Amino acid sequence: MSNIELAFFMMAALLVLMSIRIPIALTMLVCGAVGYSLIGGFPALLEYLGTAPISKFSTYDLSVVPLFLLMGELATRSGITAELFRTCNTWIGRQRGGIAMAAIAGCAAFGAICGSSLATASTMGKVALPEMKRLNYSGSLAAGALAAGGTLGILIPPSMVLIIFAVLTEQNISKMFIAAFIPGFLAAGGYILAIAIYVRIYPNSGPRGEKTTWSQKIKSTKDVWHITGIFLTVLGGIYMGIFTPTEAASVGVILTAILALTHGKMRLDGLLVCLMRTAVSSAMIFFIVLGADLFSVFIALSRLPDLGVELIQNSGLSPYTILVCMLLTYLVMGCFLDSLAMILLTIPIYFPMIMVMDFGIPQADLGIWFGILALIVVEVGLITPPVGMNVFIIKSFDDALKLKDCFKGVIPFLISDFVRVALLIIFPGISLGLVHLIS
Amino acid sequence: ADPEYTFKLHHMLPPASNAHANFLQPWAEQVEKDSNGRIHIELYPSMQLGGSPPQLFDQVRKGIVDLTWTVGGYTPGRFPKATVFELPFVPVNARVTSMALQEYAETEMQDELKDVHLLAMHTHFPGSLHSREKDIKTLEDLKGLKVRAPNKMLADALNIIGANTVFMPVPTMPSALSKGVIDVTALPFEVVKPLKIQELATHQTEFKGDRGFYTQFFIFAMNKDSYAKLPDDLKKVIDQNSGVPLAGFIGDAFDAYEVGAVKKRLIVAILSIPSKALNTNIGKQHWRLLRHNG
Amino acid sequence: MIKLTVDINRSILGRLSNLFALTGGFIMLMLAVITVASIIGRTTIGQSIEGDYEITEMGLAMAIFLFLPECYIRKGHVVVDLFTAHCKPSTLFKLDTLSDLIFTVVAFLFAYRMSLSGLEAKEYMEQSMLLALPTWWIYVVGVVTMTLCGMCGLYNLFHAIVGDKHE
Ligand code: NA
Ligand code: NA
């Protein structure tokens with residue numbers, strides 16, 4: 001068996017093991033380990049196992065994951081976010097699907113301070129899922145909206161994937177962030193539109209709430225000034241240059257903890273529960289990061305990505321066809337790999353190829369434009385079956401949810417994603433316009 | 001025909017980097033050519049084979065990969081002898097310093113490098129200071145500023161003159177500069193360009209005189225067993241492409257890159273008395289360290 | 001549904017996992033406090049906490065290790081139940097036992113290899129950049145927690161084989 005065949009075989013094995021309920025992280029570890037030892041030798045694998053957990057777990061930029069999870073726990077447990085949702089409900093709950101829309105808006109707001117999709121999906125999922133259940137939303141719509149909303153954590157800057165992309169391709173990180181802004185908010189808008197259409201077709205999936213008066217609306221808004229204050233402090237701190245997006249997670253945790261202890265009347269036992277729940281979710285995410293790393297090292301060793309490049313280069317296709325092919329490969333890979341692994345594997349190969357093709361876009365803009373497109377498609381992988389990390393996270397919050405229903409609920413948001421990608425390919429100005437305006 | 005020996009070369013920088021494009025790739029091609037295709041070298045940039053940059057040296061030592069190119073300063077305390085070359089105001093240009101370092105490594109550093117087959121040690125072109133707001137004209141101007149140091153040696157040196165030193169991973173640096181988490185960073189222009197540091201830190205300072213401000217040392221090494229299993233004629237091919245000439249070749253690649261660098265608002269500062277004091281102070285500390293380590 | 005008659009959460013292994021997870025949680029809280037203190041320091045008196053980045057990296061690694069056993073005993077690891085939704089409970093039980101077996105092997109393998117790497121880190125005096133904190137301490141935490149993970153796995157396997165978990 002050649003290395004390429006081995007890579008395909010292991011991908012198939014990965015799918016089989018996953019489908020018989022072996023935890024995702026374990027399947028990636030096992031398949032990656034078998035493949036790695038067959039190509040790189042068993043002693044090399046043993047050495048890798050001795051150091052990989054520490055090098056993966058001590059990644060500075062990943063420190064935001066447990067911190068934002070803890071922030072979400074604190075806010076949820078102390079009732080702060082429930083208040084936020086009550087407020088949203090008084091304003092738009094009367095609308096069909098209103099709370100799902102509010103959840104998207106919440107994800108977008110949270111995404112503007114957090115660089116991770118998984119953290120966004122977990123935090124907002126914990127907050128919004130029980131609320132939607134209480135208001136008799138269908139499981140499909142609730143899970144779909146939250147899983148898709150979670151991707152806004154990456155689509156709206158700051159964004160971990162964008163940082164990695166910029167470093168790999170020597171692009172300016174600030175410019176990448178600026179370029180991601182309009183597409184990110186388009187994503188939020190597109191998701192809200194998707195909900196509006198969905199509830200028009202299936203009116204029972206997102207029932208109307210009670211009618212509220214103006215005085216109720218204003219009164220409820222007074223209840224959330226403090227959480228708005230935290231949000232503005234964090235956001236303002238980042239954009240005024242007082243701290244980095246990674247440090248913002250720490251600021252958010254401390255402020256939320258203080259608020260939870262003073263206003264939310266949280267006690268020590270509540271804090272302990274928050275820490276325990278953070279522990280479980282964080283360990284789950286980092287264990288997957290560890291598994292994904294081993295699997296992507298194996299894929300790199302198999303030289304499968306190189307073969308892909310050769311196939312594309314020898315095909316004689318137009319730049320746009322090749323671009324679409326590349327983006328499609330992300331969709332396929334998104335079935336197996338996590339977003340960071342995909343970027344690390346493919347960008348070193350795809351990027352130089354893109355830079356020599358003619359799209360009628362100046363060289364300086366081409367890299368930014370491609371980066372934003374890749375970012376979106378990579379994030380789509382988080383909500384596509386069979387392995388959609390965000391969907392799994394949302395599902396893990398409610399045992400009554402069926403995975404099949406969750407993936408069904410994701411479909412309207414996928415359609416919105418595809419429309420947005422098409423728009424960005426046809427009108428590069430959507431991402432590049434703001435960059436030109438500011439610089 | 002298929003190659004008889006295939007080696008994996010693992011490093012941390014992207015394919016577009018100076019290191020990858022201007023000497024690792026050419027080196028690999030040269031070895032393949034000189035061996036008539038009997039040796040094939042697969043390049044794995046951007047840490048594709050896993051681990052973190054400080055682990056690269058161990059990866060080649062243990063044979064997880066066959067070849068690596070890595071920064072010596074990422075594993076502080078591991079190569080105390082080479083840190084002489086990290087002393088401030090020691091380096092000349094990359095070619096001269098690299099060849100000197102390689103010679104020093106061959107004669108003085110066998111114990112520290114005994115676990116690998118050394119191809120070449122080298123340095124980058126002397127680094128300069130890149131400041132967000134303040135012109136750095138003398139070293140006193142650094143007092144109280146938050147400075148990102150590239151290694152322990154320079155961190156100690158900057159601490160002595162009253163700077164507030166920070167160490168952070170290279171990818172975190174641009175955002176840290178833009179937020180003012182750091183005011184100044186010490187970097188060679190080779191790193192400035194890919195990270196677009198000149199757009200964030202527009203005040204650049206180089207130092208007058210025949211010695212540069214500081215440099216980092218790099219290790220380009222092969223796994224011992226990978227080398228040992230080669231037949232003599234192929235060992236010779238590797239030998240031809242290593243040692244002092246290779247150090248010189250790599251140095252040239254760094255010097256050439258420096259010439260083409262973007263220098264936006266360059267100040268050439270004059271060495272002042274405290275900087276000399278700093279040199280001796282650190283120097284003393286350094287020799288103590290050397291004695292301590294044997 | 002499978003009902004657990006022997007609950008690992010009530011065993012000594014479970015208590016230990018709880019304790020580890022809480023410790024990890026407090027480490028994360030501490031890291032947040034250190035980072036905020038560092039931000040306040042540098043914006044007011046121009047002095048950040050030295051080595052705050054490396055403290056965060058090392059603390060994060062320790063915390064994540066400490067979280068792992070708790071995640072396992074709470075069945076926190078994500079599984080795809082798309083294709084097994086209609087399986088008999090006894091089939092699911094067998095599949096879960098297979099997962100426990102793989103997890104146990106993986107955990108002990110990590111513990112074994114990390115103990116060797118940790119000894120090496122100690123021998124080579126691996127340390128952090130600015131504060132020169134020795135890194136072998138993280139390996140100690142890693143080995144202890146991975147061993148606990150493996151022991152929790154053994155516990156589950158033992159009770160699965162003895163059969164007292166099966167209703
Ligand atoms: Na974000
Ligand atoms: Na997917």
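Me: Which residue just after α1(C) takes a positive phi?
Reply: Happy to help, and do keep in mind that this is a predicted model. Go to the end of helix α1 of chain C, which covers residues 12-44. Just past that helix, a phi of about 70° turns up, and the residue that takes it is C:G46.

Me: How far apart are the end C-alpha atoms of helix α1 of chain C?
Reply: Let's start from the expected span. The helix has 33 residues, and at 1.5 Å a residue it should span 48 Å. The model agrees with that, because the distance between the end C-alpha atoms is 48 Å.

Me: Is strand β1 of chain B largely enclosed or largely open?
Reply: Buried here means under 20% relative accessible area. Five of the six residues in this strand, residues 5-10, are buried, so the rest of the structure leaves β1(B) largely enclosed.

Me: In which sense do β1(B) and β2(B) pair, and what is the hand of the β-α-β unit they make with helix α1 of chain B?
Reply: Six bridges hold the pair, in the parallel sense. One residue to look at is B:T6, which stands opposite B:H40 in β2(B). With helix α1 (residues 18-34) of chain B, the two strands make a β-α-β unit that is right-handed.

Me: What is the bridge partner of B:H10 in β3(B)?
Reply: Strand β3 of chain B spans residues 67-71 and runs parallel to β1(B), joined by two bridges. In β3(B), the partner of B:H10 is B:T68.

Me: What is the area of the nonpolar surface patch that includes A:I415?
Reply: A:I415 lies in helix α21 (residues 403-426) of chain A. Its patch partners include A:I411, A:V419 and A:F427, and the patch area is about 560 Å².

Notes
Residues are numbered from 1 along each chain as its sequence is written. Chains are lettered from A and ligands numbered from 1 in the order in which they are written. This is a predicted model: local features need pLDDT of at least 70, side-chain atom pairs count only at pLDDT 80 or more; totals for chains, interfaces and linings use all residues. Side-chain values use heavy atoms; hydrogens and water are left out. Helices (H or I, at least four residues) and strands (E, at least two) are DSSP runs, numbered from the N terminus. The expected span of a helix is 1.5 Å times one less than its number of residues. Patches are made of residues with over 30% relative accessible area and no salt bridge: like charges are joined within 9 Å, nonpolar side chains (Val, Leu, Ile, Met, Phe, Trp, Tyr) within 5 Å. Accessible areas come from the Shrake-Rupley method with a 1.4 Å probe; for residues, only the protein chains shown count as cover. A salt bridge is a side-chain nitrogen of Lys or Arg within 4 Å of a carboxyl oxygen of Asp or Glu. Buried means under 20% relative accessible area, exposed over 50%, partly exposed in between (1.4 Å probe, protein chains only). Two strands pair if DSSP finds at least two bridges between them. A crossover is right-handed if, with the strands pointing away from the viewer, the path from the first strand over the helix to the second runs clockwise.
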